Amino acid sequence: MKITVDNIKCGGCAGSITKKLTAEFATDQINIDIEQGVVDIDIDDSNKEAVTKVLLDLGYPETDSVHGFDSAKAKAKSFVSCAIGKMDK
């Protein structure tokens, strides 16, 4: 399943996303295209809502799914997730 998300900027972001999705969905089949903002996770499509919620909680909402203040909150969360991802390297 591929989900296009906002706020992915670097390997730190990708690291945080990969770590959280691996823990939540017990899969290591996750690829992240930083340039395109695409998260590709090899799990059943019936889990899309759960995956998008985890991504939103990390600050990486599905593209065009949040606006206004919620978008600003997501961006702030993504900065924290990114920093954590950079420290975990």
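**Cysteines, salt bridges and the packing of the helices**

A good place to start is C13, which counts as buried, with a relative accessibility of 2%. Like everything described here, this value was computed from a predicted model. The predictor's mean pLDDT for the protein is 94, and 99% of the residues reach 70 or more. Among the elements, strand β3 (residues 38–41) has the highest mean pLDDT, 98. Helix α3 (residues 69–87) has the lowest, and that value is 90.

C13 also leads to a small puzzle about sulfur atoms. How many disulfides does the structure hold? The number is 0. The cysteine sulfur closest to that of C13 belongs to C82, and the two atoms are 3.6 Å apart. A disulfide calls for sulfur atoms within 2.5 Å, so this separation is too far for a bond. The view from C82 leads to another partner, since the closest cysteine sulfur to that of C82 lies in C10, at 3.2 Å. That distance, too, is too far for a bond. Like C13, C82 is buried, here with a relative accessible area of 10%.

Charged side chains do find partners: the structure holds 4 salt bridges. Three of them can be followed here along the helices. In helix α1 (residues 11–25), E24 and K20 are 4 residues apart, which means that about one helical turn separates them. Their side chains meet in a salt bridge with an N to O distance of 3.5 Å. Both partners are partly exposed, E24 with a relative accessible area of 44% and K20 with one of 35%.

Helix α2 (residues 48–58) offers another pair with a spacing of 4 residues, K53 and D57, again about one turn of the helix. The closest N and O atoms of this salt bridge are 2.9 Å apart. D57 counts as partly exposed, at 43% relative accessibility, whereas K53 is exposed. In helix α3, the partners are D70 and K73, which are 3 residues apart, or about one turn. Their closest N and O atoms are separated by 3.8 Å. With a relative accessible area of 41%, D70 is partly exposed, and K73, at 39%, falls into that class as well.

Helix α2 deserves a further look, as its residues can be sorted by where they point. Which residues of α2 are buried? They are V51, T52, V54, L55 and L58. These residues span an arc of only 160° around the axis, so they sit on the same side of α2. E49 and K53, by contrast, are exposed on the other side of the helix. The cover over the buried residues includes strand β1 (2–4), helix α1, strand β3 and helix α3. Just after α2 comes G59, which takes a positive phi of about 105°.

Strand β3, part of that cover, has a partner strand of its own. With strand β2 (residues 30–33), β3 pairs in the antiparallel sense, over 4 bridges. Within this pairing, I30 stands opposite I41 of β3. The two strands form a hairpin, and 4 residues lie between them. One residue of the turn, G37, has a positive phi of about 70°. A general point helps when looking at strands: in a regular one, side chains alternate between the two faces of the sheet.

Helix α3 completes the tour, with two residues worth finding in the structure. S81 lies in this helix and is buried, at 8% relative accessibility. What does S81 touch, leaving out residues up to four places away in sequence? Its contacts are G12, S16, L58 and Y60. L58 has already appeared, as one of the buried residues of α2. G85 is also found in helix α3, and at 5% relative accessibility G85 counts as buried. With the sequence neighbours left out in that way, G85 touches G12 and S16, two residues that are also among the contacts of S81. To get a feel for distances along the helix, G85 can be viewed together with F69, 16 residues away along the chain. The C-alpha atoms of these two residues are separated by 24 Å.

Key: Residues are numbered from 1 along each chain as its sequence is written. This is a predicted model: local features need pLDDT of at least 70, side-chain atom pairs count only at pLDDT 80 or more; totals for chains, interfaces and linings use all residues. Side-chain values use heavy atoms; hydrogens and water are left out. pLDDT is the predictor's confidence in each residue, from 0 to 100. Buried means under 20% relative accessible area, exposed over 50%, partly exposed in between (1.4 Å probe, protein chains only). Two strands pair if DSSP finds at least two bridges between them. The arc is that of the directions from the helix axis to the C-beta atoms. Contact means heavy atoms within 4.5 Å.
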